[in-house]
Amino acid sequence: WLGDTLLTRITPKMAASFALGAHRWVVSLQIAYLHDLLQMEYNVVLQDSDVIWKRNAFTYLQQPQLHHLDVQMTVDGRYDHRGPGNSGFLFIKHSCKTKVFVETMMELTPLVLIGRSDQILWNMLLQEQVFRQIHFETLSTDFFVCGYQINLDRGIQNGQLPDTTIVVHASWTTDQFDKIEKFYMSDSWYFTQQRCPDLYQYELLPDLKERKWHIRDKTQAQETRFKALGIFRDSTNGEYEKSD
């Protein structure tokens with residue numbers, strides 16, 4: 001129903017910035033898979049690729065006191081039309097209510113294709129009167145850490161991650177290189193010579209060649225530091241063309 005050419009629009013290339021590239025097509029396909037899994041009566045966890053598990057999240061999500069909840073979603077730290085939930089990590093249980101909910105979301109997938117993100121759609125539908133019987137709660141930030149709690153300039157909220165942290169989501173970033181810095185700040189970046197010696201290859205490091213020039217102009221200090229740490233590489237040797 002998304003068209004025969006969908007898979008040709010999804011490429012392995014990382015998006016240059018938030019919600020660009022193949023993101024909207026991947027998210028649309030994700031909604032289709034979610035629909036089918038709920039119809040088969042599975043409970044489903046959806047998460048973005050910039051999420052790291054520190055502990056087993058299912059142990060928390062399946063606690064008896066949470067059994068009445070239909071949807072659990074991480075907090076986005078905002079209260080506008082994009083909040084309060086962050087669809088980068090969510091848990092949804094199968095039921096008659098949630099099946100109708102996701103069927104409605106399927107019908108509204110063109111809004112995702114236009115807006116390039118499913119988060120507005122999730123929050124909009126969860127607040128609709130017609131879905132008032134769905135039990136929805138945001139996940140505690142003591143256990144599910146979101147990007148607004150890790151600021152590249154000011155550091156980690158309260159100085160360190162909570163000892164109870166289960167999941168870290170590197171959201172609220174300009175590009176993938178900022179996500180890597182957030183993982184590094186939260187001791188969650190593992191692809192280094194020291195931490196992953198069996199799989200580490202220099203050629204597999206994120207290449208600054210893929211970064212937009214207007215971002216590189218503002219992030220020279222970050223780039224120098226992370227090249228020295230062996231976390232970034234730069235096949236351009238610091239030279240990049242400024243273009244529109």
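This is a guided tour of selected residues, strands and ring pairs in a predicted model.

**Stop one: Lys 182**

Select Lys 182. It sits in helix H7, residues 176–185. Is there a salt bridge for this buried residue, or none? Lys 182 has none. Show Asp 178 as well: it is the nearest side chain of opposite charge, 7.8 Å away. The cut-off for a salt bridge is 4 Å, so a separation of 7.8 Å does not qualify.

Now display backbone oxygens. Which of them does the Lys 182 side chain reach at 2.8 Å? That of Ile 150. Turn next to Trp 172. Its backbone oxygen lies 3.1 Å from a polar atom of the Lys 182 side chain.

Expand the selection to the surroundings. Leaving out residues up to four places away in sequence, Lys 182 touches Gly 147, Ile 150, Leu 152, Ala 170, Ser 171, Trp 172 and Thr 173.

**Stop two: Arg 154**

Move to the loop between strand E7 (150–151) and strand E8 (155–156), where Arg 154 lies. Buried or exposed? Arg 154 counts as exposed, because its relative accessibility is 71%. Add Leu 208 and draw a distance between the C-alpha atoms. Arg 154 and Leu 208 are 54 residues apart along the chain, and their C-alpha atoms are separated by 24 Å.

**Stop three: strand E1**

Select residues 44–47, which make up strand E1. Show the side chains. In a regular strand they alternate between the two faces of the sheet. E1 has this alternation. Val 44 and Leu 46 point to one face and are buried. Val 45 and Gln 47 point to the other face and are not buried.

Add strand E4, residues 85–92. How many bridges join E1 and E4? Four, in the antiparallel sense. To see one partner, pick Val 44: its bridge partner in E4 is Ile 92.

**Stop four: the rings**

Show the aromatic side chains. The whole structure holds twelve aromatic pairs. Start with Tyr 60 and Phe 143. Their centres are 4.9 Å apart and their planes meet at 40°, a tilted pair. This pair links distant parts of the chain, 83 residues apart. Tyr 60 is in helix H3, residues 57–61. Phe 143 is in the loop between strand E5 (136–138) and strand E6 (144–145).

Colour the two by accessibility. Tyr 60 counts as buried because its relative accessible area is 15%. Phe 143, at 25%, counts as partly exposed.

Jump to Phe 191 and Tyr 200. This pair is tilted, with 5.4 Å centre to centre and 40° between the planes. Tyr 200 is buried, at a relative accessible area of 17%.

Return to Tyr 60 and Phe 143 and widen the selection. Which residues do ring pairs link into a cluster with them? Add Trp 53, Phe 58, Phe 89 and Phe 144.

**Stop five: Thr 164**

Keep Phe 143 in view and select Thr 164. Thr 164 is in the loop between E8 and strand E9 (167–169). With 36% relative accessibility, Thr 164 counts as partly exposed. Beyond residues up to four places away in sequence, Thr 164 touches Arg 55, Asp 142 and Phe 143. Zoom in on Asp 142. Its backbone oxygen lies 2.5 Å from a polar atom of the Thr 164 side chain.

Finish with a C-alpha distance from Thr 164 to Glu 181. How far apart are they in space? The distance is 21 Å, for residues 17 apart in sequence.

Note on methods: Residues are numbered from 1 along each chain as its sequence is written. This is a predicted model: local features need pLDDT of at least 70, side-chain atom pairs count only at pLDDT 80 or more; totals for chains, interfaces and linings use all residues. Side-chain values use heavy atoms; hydrogens and water are left out. Helices (H or I, at least four residues) and strands (E, at least two) are DSSP runs, numbered from the N terminus. Buried means under 20% relative accessible area, exposed over 50%, partly exposed in between (1.4 Å probe, protein chains only). Lys and Arg count as positive and Asp and Glu as negative; His and the chain ends are not counted. A polar contact is a pair of N or O atoms within 3.5 Å; within protein, one must be able to donate a hydrogen and the other to accept it, and residues adjacent in sequence count only if both atoms are side-chain atoms. Contact means heavy atoms within 4.5 Å. Two strands pair if DSSP finds at least two bridges between them. Rings of Phe, Tyr and Trp (its six-membered ring) pair if their centres lie within 6.5 Å; planes under 30 degrees apart count as stacked, over 60 as edge-to-face and the rest as tilted.
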